[in-house]
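Visitor: I should like to understand the terms applied to this structure. Would you set each value against its definition for me?

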Amino acid sequence: MENSKRKMHSNAPTKVCQYGSDCYRVNPLHFGEYSHPHIENLLSKVTSINQVVVPEQIKINKTVFEEQIRIVAKQFPHLADGVKHPAKQTKLDTGTTSTEPTSSEKAPSETKPLPAPPSESKNVIESLFAERRAKMQAVKREAPNTVPVPEPISDAAPSAVSSAATSDTGVSLQKSLPRDINAYFPVVAPRGRMAQKLAAAEPYNFFLTTITDSKPTHSEPLSITFQELLDASLGQLESSVQMNFMVDIGWLLAHYYFAGYENVPLLILYGDETPELRMVSKKKPNVTAVKVDIKTPFGVHHTKMGLYGYRDGSMRIVISTANLYEDDWHNRTQGLWISPRLPAVPEDADTSFGESVTDFRSDLLAYLDAYKLPQLHPWIARIRRTDFSAVKVCLVASVPGGHVNTRNGPLWGHARLGYLLKKYAAPIDDSCPLVAQSSSIGSFGPSPHSWILGEIMANFGKSSTPPGTRRVPGFCMIYPSYSNVEQSHNALRGGGGLPYGRDMHSKQEWPNAYLYQWCSRSRNRNKAMPHMKTYCRCCDQGLYWFLLTSANLSKSAWGRYYKPRDDTINRGRTLNILSFEAGVLFLPKLLLDENFFPMEANQKHPPFPMPYDVPIIPYAPEDTPFFIDYLREPAT
């Protein structure tokens, strides 16, 4: 084969992934930033991807490795025309020499060639959606009367951020892609109905993401896709902000394109750096992407929030648990709270006009101000001029730093949650445990008293019950077991969003006694592993309160108290928080003027839409938590 055909694209990554052959990731952005020599060497020896043979000695799950090969194959131009040379044979390290396996090679103990992927587009715009095109084409081939994915319009070299643009216009998706959203996304909701769906979701406005492989969720009134957040029925978008940890800029811009907002100003605040995000503003002048830098190495920008400004001066807030990339909106259970439409205040109104009964506007302004970013100043000004009186949930957020109480009480972390519960929650029976549910488990310490019972329960267990009569309630934690993940829509790969490791667990095995299964049959999500984070207390009478948040149960997210050694004048404890987080607290007193949210429908109020089944189910004696290590181990 000619040497030129064995070369990768000129924009292929040169920085080698630190995990080497142990890497288990399947996010195309990761493979666009880091080189994986063990895969690249395999691909450089073949003329077509259907000649690739998976080595027996791989260190990770076979299906994960196969997906990684398909992703990396896009960096090898010669593989695109490999189908033209079916007679060519290439000897691989495994000893297989033929494109067609022999009868002995078809034995179960041997590896099999990967199926040939769909043809890849070389068009610059198409590179934004290459992974989605491949997946959707595979689905379309099996379905009748489907609309074919368009052929590439040009042979321009692929780019990390697509451009069919002139220097004045930036990226123009409209010139290269038809507005057929069904060709790119697996679940598409009817247009123009989101405002009606939101109105029907009152008073909670609490949604779960649609699950691709659970068809009942496609038509559930409380299921939502990302494109519905941009639905015209919610308002004509003037500008927006997306605040998140991980952002696949191609996936995100595709949604804006299909909604007709390709050139609307978009500000993105993100935590996880990628080359695409670094350069998107050069290609798309209407997009400003800013990495939120955290001073401490263990802190992250973990908030998932959207601000949507409309042409009539109104706006909307969305607080979510989902990153902005495909996997998080595919087969993972995520939660979103969507605010009502918030109008602009009258020009002659007092500055206090339009504040929420929960002080949501003031709390949001304080949170945004903590970023110290000039790009947020126009939004801070806009929020000050917006009427938040329709908002009846509380903002519970975290910002990095050491925090002490203010005249308005604690502002951040678990101390803020305790302050709000004491102020608004009805007296709670101590027999009602706290139920925590998150997609990761932090370093809790060697015993329950190290942090969970010592700090977390002191605030999460609060209510308006007089302090002298309160006891520390019980603690339960929902975290998917190995058996939960194994039966998920994507088998063990369904645990890709559950990063808890075996090594960490070996240092704190005591949580085993507090762990409960993920079970969501009532919401058709039993096989959709949760990436959402929720906390609540409920009993037979109903639900005392419910929190939806980006914050996992960890010290970096919620904070940890410490008292400075030089505190000679007894200033009090400081709550040290490492990460940005945001969530909303649902309280029955504020939403319903009741002491409980009903768990079942009654004549006065709709039931609170719990994301999992109640009562919760404890681990069986043989159960273990799902460890991310399972994705790094060979399939057996």
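Visitor: What makes R573 count as a charge over the ring of Y561?

Guide: In this predicted model, R573 lies over the face of Y561, at 3.8 Å from the ring centre. The cut-off for the distance is 6 Å, so 3.8 Å satisfies that part of the definition. R502 and Y630 are a further case: the charged end of R502 sits over the ring of Y630, 5.2 Å from its centre, again within 6 Å.

Visitor: Why is the contact of E228 and K197 called a salt bridge?

Guide: A salt bridge requires a side-chain nitrogen of Lys or Arg within 4 Å of a carboxyl oxygen of Asp or Glu. The side chains of E228 and K197 meet at 2.8 Å, N to O, so the pair qualifies. The structure holds 10 salt bridges.

Visitor: What does the salt bridge of E228 and K197 tie together?

Guide: E228 belongs to the loop between β2 (223-224) and β3 (237-243), and K197 to helix α6 (residues 194-200), so the pair ties together parts that are 31 residues apart in sequence.

Visitor: How do you know whether E228 is buried or exposed?

Guide: Buried means under 20% relative accessible area. E228 has a relative accessibility of 6% and therefore counts as buried.

Visitor: What makes K291 and D293 a salt bridge?

Guide: Their side chains meet at 3.7 Å, N to O, and the limit is 4 Å, so the pair is a salt bridge. As for accessibility, exposed means over 50%, and partly exposed covers the range between 20% and 50%. K291, at 30% relative accessibility, is therefore partly exposed, whereas D293, at 62%, counts as exposed.

Visitor: How do you know that D312 and R341 form a salt bridge?

Guide: The N to O distance between their side chains is 2.7 Å, which is within 4 Å, so the definition is met. This pair links distant parts of the chain, 29 residues apart: D312 is in the loop between β6 (305-310) and β7 (315-320), and R341 in the loop between β8 (335-338) and α9 (360-369). D312 has a relative accessible area of 51%, over the 50% cut-off, and is therefore exposed. R341, with 35%, is partly exposed.

Visitor: How many aromatic pairs does the structure hold?

Guide: The structure holds 35 aromatic pairs.

Visitor: Why is the pair of F360 and F388 described as it is?

Guide: Two rings pair if their centres lie within 6.5 Å, and planes under 30 degrees apart count as stacked. The ring centres of F360 and F388 are 6.0 Å apart and the planes stand at 20°, so the pair is stacked. F360 lies in helix α9 and F388 in the loop between α10 (377-384) and β9 (394-398), so parts 28 residues apart in sequence are tied together. F360 is buried, at 0% relative accessibility, and F388 is buried, with a relative accessible area of 0%.

Visitor: What makes the pair of Y535 and W558 edge-to-face?

Guide: Edge-to-face requires planes over 60 degrees apart. The rings of Y535 and W558 have their planes at 90° and their centres 5.6 Å apart, so the pair is edge-to-face. Y535 is in strand β14 (residues 533-539) and W558 in helix α15 (residues 555-558), distant parts of the chain 23 residues apart. Y535 counts as buried at 1% relative accessibility, and W558 counts as buried at 1%.

Visitor: Which residues form one aromatic cluster?

Guide: The members are Y204, F206, F546, F586, F597 and F608.

Visitor: Which residues does the UniProt annotation "binding site" cover?

Guide: According to the unreviewed UniProt entry, the annotation covers K304 and K533. They are spread over 230 residues of sequence, yet cluster in space, with a largest C-alpha distance of 11.6 Å. Of these residues, K304 is included in the lining of the second largest cavity.

Visitor: How do you know whether K304 is buried or exposed?

Guide: Its relative accessible area is 1%, under the 20% cut-off, so K304 is buried. K304 lies in the loop between β5 (287-291) and β6. Beyond its neighbours within four places in sequence, K304 is in contact with residues including M243, V318, H531 and S550.

Key. Residues numbered from 1 in each chain as written. Predicted model: local features only at pLDDT ≥ 70, side-chain atom pairs only at ≥ 80, totals over all residues. Heavy atoms only, no water. Helix = DSSP H or I, 4+ residues; strand = E, 2+ residues; numbered from the N terminus. Buried < 20%, exposed > 50% of the residue type's maximum accessible area, 1.4 Å probe, protein only. Lys NZ or Arg CZ within 6 Å of the ring centre and 35° of its normal. UniProt positions renumbered as here; feature names shortened; annotations may be inferred. 1 Å grid on protein atoms, 1.4 Å probe; cavity = no way out; pocket = protein on both sides within 12 Å on 5 of 7 lines; lining within 4 Å. Contact = heavy atoms within 4.5 Å.
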